[in-house]
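This briefing concerns charge–ring and ring–ring geometry, followed by the overall make-up of the chain. Please consult the sequence and the structure shown here.

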Amino acid sequence: MLVCAYLQEGKIVKRKPAEDRKTEIVEAVLLLADLIGPDRLTTNDVAREVGVTQAAIFRHFPSKDALWAAVGAELQSRLNAAWQEALAAETDPEARLRALIRAQLTQIERTPALPAILHSRELGVSNGALRESCHGLMISFSGLLSEGLAHMAAQGQLRPHISHADGAILLISLVQGLAIRWALGARQFDFCAEGMRLFEVQLALFRRPEGIGAGADTQGEGRG
């Protein structure tokens, strides 16, 4: 009979199915990346958090780069699912844009290490797979925001001559800047609520005032 347990530091540790253990390890990385920083995180830290040996970590992930690649894939999966769910729930262009921003804020609130991982220079330089995942996420999110602004412009909801691409950059900068302020401020304010408040301020600046004709959004179309 196969006994699915092993001895570690005098304790019996039950073995989990491989996929369950991989998920647990990735979740531990996301937790520790927030607590001690992604650039300082070691596989020993992860092993201690999960309650296994470092060798057990490498049985599931052959290298630290492979572990970070799995983390990147998990973030891709979470964010893409959140964005698509947000878009599917709304039909009005402005409401869809609002839902996208709320989804992004919610994901950061649930996984506070997300901004640090996405923008880690050290991880990006040393891990090509993670760098590609993070870059792909930024491009995808920017594209969705730009598309949302283009749809607003098509319905006459956007100020004439606003570049869709520039608008997307401003919205991404809003989220990133807020995430930095949230982290530096020891997360003492409601991240999502503050993010949505600032989004509404930015949206008011994007929105076409009453009395101004929709016109041809030539600059937005050309650059968006």
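The charged end of arginine 187 sits over the ring of tryptophan 182, 4.9 Å from its centre; this term requires NZ of Lys or CZ of Arg within 6 Å of the ring centre and within 35 degrees of the ring normal. The model is predicted: local features need pLDDT of at least 70, side-chain atom pairs count only at pLDDT 80 or more, and totals for chains, interfaces and linings use all residues. Residues are numbered from 1 along each chain as its sequence is written, and side-chain values use heavy atoms, leaving out hydrogens and water.

**Charge over a ring**
- Arginine 181 likewise has its charged end over a ring, that of phenylalanine 189, 4.9 Å from the centre.

**Aromatic pairs**
- The count comes to 2 aromatic pairs (rings of Phe, Tyr and Trp, the last by its six-membered ring, with centres within 6.5 Å).
- The rings of tryptophan 83 and phenylalanine 141 have centres 5.2 Å apart and planes at 20 degrees, so this pair is stacked (planes under 30 degrees apart; over 60 is edge-to-face, the rest tilted).
- Tryptophan 83 lies in helix α4 (residues 64–88) and phenylalanine 141 in helix α8 (residues 128–154), so the pair ties together parts 58 residues apart in sequence.
- Tryptophan 83 is buried (under 20% relative accessible area, 1.4 Å probe, protein chains only), at 1%.
- Phenylalanine 141 is also buried, with a relative accessible area of 4%.

**Whole chain**
- The protein chain has 11 helices and 2 strands, taken as DSSP runs (H or I, at least four residues; E, at least two).
- Of its 224 residues, 42% count as buried.

Terms used. Buried means under 20% relative accessible area, exposed over 50%, partly exposed in between (1.4 Å probe, protein chains only).
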